[in-house]
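Visitor: I would like a close look at one part of this model, and then at a few other places for comparison of the kind of detail they show. Please keep it plain.

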Amino acid sequence: MTKTSSHTPIHVIGGGLAGSEAAWQIAERGIPVILHEMRGVRGTDAHKTDGLAELVCSNSFRSDDATSNAVGVLHAEMRLAGSLIMRSADANQVPAGGALAVDRDGFSDAVTAAIEDHPLITVTREEVTGLPPEDWDQAIIATGPLTAPSLAEAIQARTGADSLAFFDAIAPIVHTGSIDMDICWYQSRYDKVGPGGTGKDYINCPMDEAQYNAFIDALIAGDTTGFKEWEGTPYFDGCLPIEVMAERGRETLRHGPMKPMGLTNAHNPTVKPYAVVQLRQDNALGTLYNMVGFQTKLKYGAQAEIFRLIPGLENAEFARLGGLHRNTYINSPTLLDRSLTLKGRPGLRFAGQITGCEGYVESASIGLLAGRFAAAERQGATPILPPETTAFGALLNHITGGHIVSDDEPGKRSFQPMNINFGLFPPLEPGTVTKPDGVKRFRGKDKALAKKHATAARALEDCARWLKD
């Protein structure tokens with residue numbers, strides 16, 4: 001089969017998760033795609049390779065539970081929709097408790113091979129420095145949080161709206177053999193067994209109270225990378241640097257990424273750790289583990305010194321130290337219509353993290369939707385939007401209908417990046433969740449879990465129905 005079609009190609013700018021997924025969805029509908037990726041010509045501050053869909057932060061796609069977790073529901077919907085990103089993730093998963101984590105190199109290689117081998121996709125290595133020309137009547141900008149300055153400036157000039165930005169920090173990766181397993185132990189929180197896992201998928205480093213306080217003191221005093229010209233740019237709360245969390249309160253980390261709940265020290269089971277640092281497998285060989293929740297803007301020298309204060313990591317060898325890069329996203333509720341099209345420029349869509357979603361699967365899912373919408377228009381049809389009851393629809397609604405600050409609403413928050421969560425889904429119909437027979441008290445956690453189950457079931461049922469349209 002050759003790269004031919006009766007249709008005019010659709011252009012996709014950006015070969016990350018969103019751009020790769022968008023290109024795949026378009027091509028699978030018989031429409032040719034030209035995928036423009038600048039890496040190979042120009043690099044970024046965070047990427048290390050030229051591979052498509054390279055993961056620059058965590059290797060986790062988070063929970064794969066499609067019954068009671070919103071991101072797990074999004075996973076399931078993407079699988080139903082023939083997602084290349086989810087297919088590649090499933091084929092390259094590594095143990096991670098209840099999460100879906102991947103071998104980052106194997107994942108990127110799988111996406112790259114599928115895109116390059118598709119008969120209707122042409123990959124062009126070049127930097128697109130401005131908005132797509134008018135003769136690209138159908139195009140998707142999926143340049144992600146690392147959009148090149150020239151393109152960002154062109155977007156800003158066209159829209160007349162300020163781009164919003166935040167910093168995203170990268171967690172360090174440790175060579176497994178350098179971790180002292182006489183101090184650390186393998187265990188998933190509450191011994192939970194996830195996809196490909198055993199219930200012992202994390203390496204745990206225990207701290208007593210004195211060790212924890214010394215670590216907090218070192219974090220707060222650590223030498224950090226300055227903001228420089230980006231001074232004042234806000235962080236996204238879901239990805240705060242570890243030292244910023246420490247500054248927010250001495251106990252913050254112990255109730256966040258260093259919480260000890262659900263863990264028992266295999267070397268000293270009668271003594272409860274005061275805090276625990278967890279490391280998650282980062283590659284299929286199990287030779288690398290990343291420090292969960294330890295995104296940081298500490299300078300390299302300070303990182304090595306401070307993180308070796310953690311029991312079991314005294315002699316840690318780092319395959320990669322943490323880093324910091326700038327993320328940029330647009331004010332989508334004011335700029336995009338419900339089908340992700342730039343208002344005033346028919347046929348030009350945005351997808352991925354640049355739209356104001358946060359997370360790998362969220363980014364890829366918006367690419368999936370943008371690709372489907374563009375393909376439908378190329379075929380002369382009107383895009384059919386996913387129901388708001390689905391994870392697709394809930395996230396799309398947040399991006400295109402999120403809160404907009406106005407002069408008569410003082411103090412209201414402006415549009416912010418968001419992970420998928422059940423708070424974005426419409427409420428259940430009254431009477432959907434009822435007290436089970438034989439249960440006297442039905443409230444609190446039990447009722448909340450039942451609502452999640454019902455919301456997830458509704459989402460998957462409605463998604464399957466939408467995909468048939």
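What covers the buried residues of helix H8?

Guide: The model is predicted. Helix H8 spans residues 300–307, and its buried residues are Ala302, Gln303, Ala304, Ile306 and Phe307. The cover over these buried residues includes two helices, H6 (209–221) and H7 (242–247), together with two strands, S13 (288–291) and S14 (318–320).

Another buried position is found in helix H9, residues 332–335, where serine 332 has its place. Serine 332 counts as buried because its relative accessibility is 0%, and the cut-off for buried is under 20%. Leaving aside residues up to four places away in sequence, serine 332 touches Thr355, Ile399 and Phe415.

Next comes a sheet. Strands of a sheet pair through backbone hydrogen bonds, and the pairing can be parallel or antiparallel. Here 3 strands form an open sheet with antiparallel pairing, and their order is S3-S5-S4. Strand S3 (60–63) and strand S4 (93–94) each have a single partner strand, so they stand at the edges and one side of each has no neighbour in the sheet. The antiparallel pairing of S4 with strand S5, residues 99–102, runs over 2 bridges. In one bridge, valine 94 has alanine 101 of S5 as its partner.

A helix also belongs to this picture. Helix H2, residues 70–80, lies across S3 and S5, and H2 runs at about 115° to S3.

Conventions. Residues are numbered from 1 along each chain as its sequence is written. This is a predicted model: local features need pLDDT of at least 70, side-chain atom pairs count only at pLDDT 80 or more; totals for chains, interfaces and linings use all residues. Side-chain values use heavy atoms; hydrogens and water are left out. Two strands pair if DSSP finds at least two bridges between them. Helices (H or I, at least four residues) and strands (E, at least two) are DSSP runs, numbered from the N terminus. Contact means heavy atoms within 4.5 Å. Axes are lines fitted to C-alpha atoms, for helices over the stretch in contact, and angles run from 0 to 180 degrees between N-to-C directions. Buried means under 20% relative accessible area, exposed over 50%, partly exposed in between (1.4 Å probe, protein chains only).
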